[in-house]
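Colleague: Could you walk me through this one? I have some questions ready.

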Amino acid sequence: LTALKKIDCPLNPDLSELPEWISELKQLEIGFFPSCGFTTIPRQLSLVPNLRMLSFKSCMLGGELLCSQLPKTIEWLILTGNRLDAISDNVAEALPNLRKVMLSHNQLKRLPDSMSSLKRLELLRISG
């Protein structure tokens, strides 16, 4: 598994945790977990050094997205259709490589001011 570049685990409502060994996947670039049972983003993903794209679309994520718990390498972050109500204020410092962020259909009331410091941001989707 050390050469694994993509994990795609869609439509698995019983999947709510990831194994510890996920953090050892040094080549992993893409993690897609749409429509799974996650209520938080697994902490192991913060240790994956080459993770660029991450999707937890239509999961059960709620509360505040703590950007410092994600790897700084993230470029695409897809969190559409969850119950997030806030994004941590350190988003620009924690995720400086962010290019595309999909946050539609959450419960966000505001975006942190630091988002204006994201120099590479190309797409921000926040409808609904």
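Colleague: Which residue in strand 7 does Trp-76 stand opposite?

Modeller: Happy to help! This is a predicted model, so local features need pLDDT of at least 70 and side-chain atom pairs count only at pLDDT 80 or more, while totals for chains, interfaces and linings use all residues. Residues are numbered from 1 along each chain as its sequence is written, and side-chain values use heavy atoms, with hydrogens and water left out. Strand 5 (residues 76–78) and strand 7 (residues 100–102) pair in the parallel sense over 3 bridges, and the residue opposite Trp-76 is Lys-100.

Colleague: In what order do the strands of the open sheet run?

Modeller: Strands are DSSP runs of E, at least two residues, numbered from the N terminus, and two of them pair if DSSP finds at least two bridges between them. The sheet has 6 strands with parallel pairing. Strand 1 (6–8) and strand 8 (123–125) are its edges, each pairing on one side only. The order is 1-2-3-5-7-8.

Colleague: How much space lies in the largest cavity?

Modeller: On a 1 Å grid over the protein atoms alone, a cavity is a set of points where a 1.4 Å probe fits but cannot get out, and lining residues have an atom within 4 Å of a point. Grid points are joined across faces, edges and corners, and a volume is the space filled by probe spheres set on the points. The count comes to 1 cavity of 30 Å³ or more. The space in the largest cavity is about 50 Å³.

Colleague: How do the residues of its lining divide?

Modeller: Among the lining residues of the largest cavity are Leu-77, Val-101 and Met-115. Ala, Val, Leu, Ile, Met, Phe, Trp, Tyr, Cys and Pro count as nonpolar, Asp, Glu, Lys and Arg as charged, and the others, Gly among them, as polar. The lining divides into 10 nonpolar, no polar and no charged.

Colleague: Does Ser-114 count as buried or exposed?

Modeller: Ser-114 is found in the loop between strand 7 and strand 8. Residues up to four places away in sequence aside, Ser-114 touches Asp-89, Asn-90, Val-91 and Ala-92 (contact means heavy atoms within 4.5 Å). Buried means under 20% relative accessible area and exposed over 50%, with partly exposed in between (1.4 Å probe, protein chains only). Because its relative accessibility is 18%, Ser-114 counts as buried.

Terms used
Helix = DSSP H or I, 4+ residues; strand = E, 2+ residues; numbered from the N terminus. 1 Å grid on protein atoms, 1.4 Å probe; cavity = no way out; pocket = protein on both sides within 12 Å on 5 of 7 lines; lining within 4 Å.
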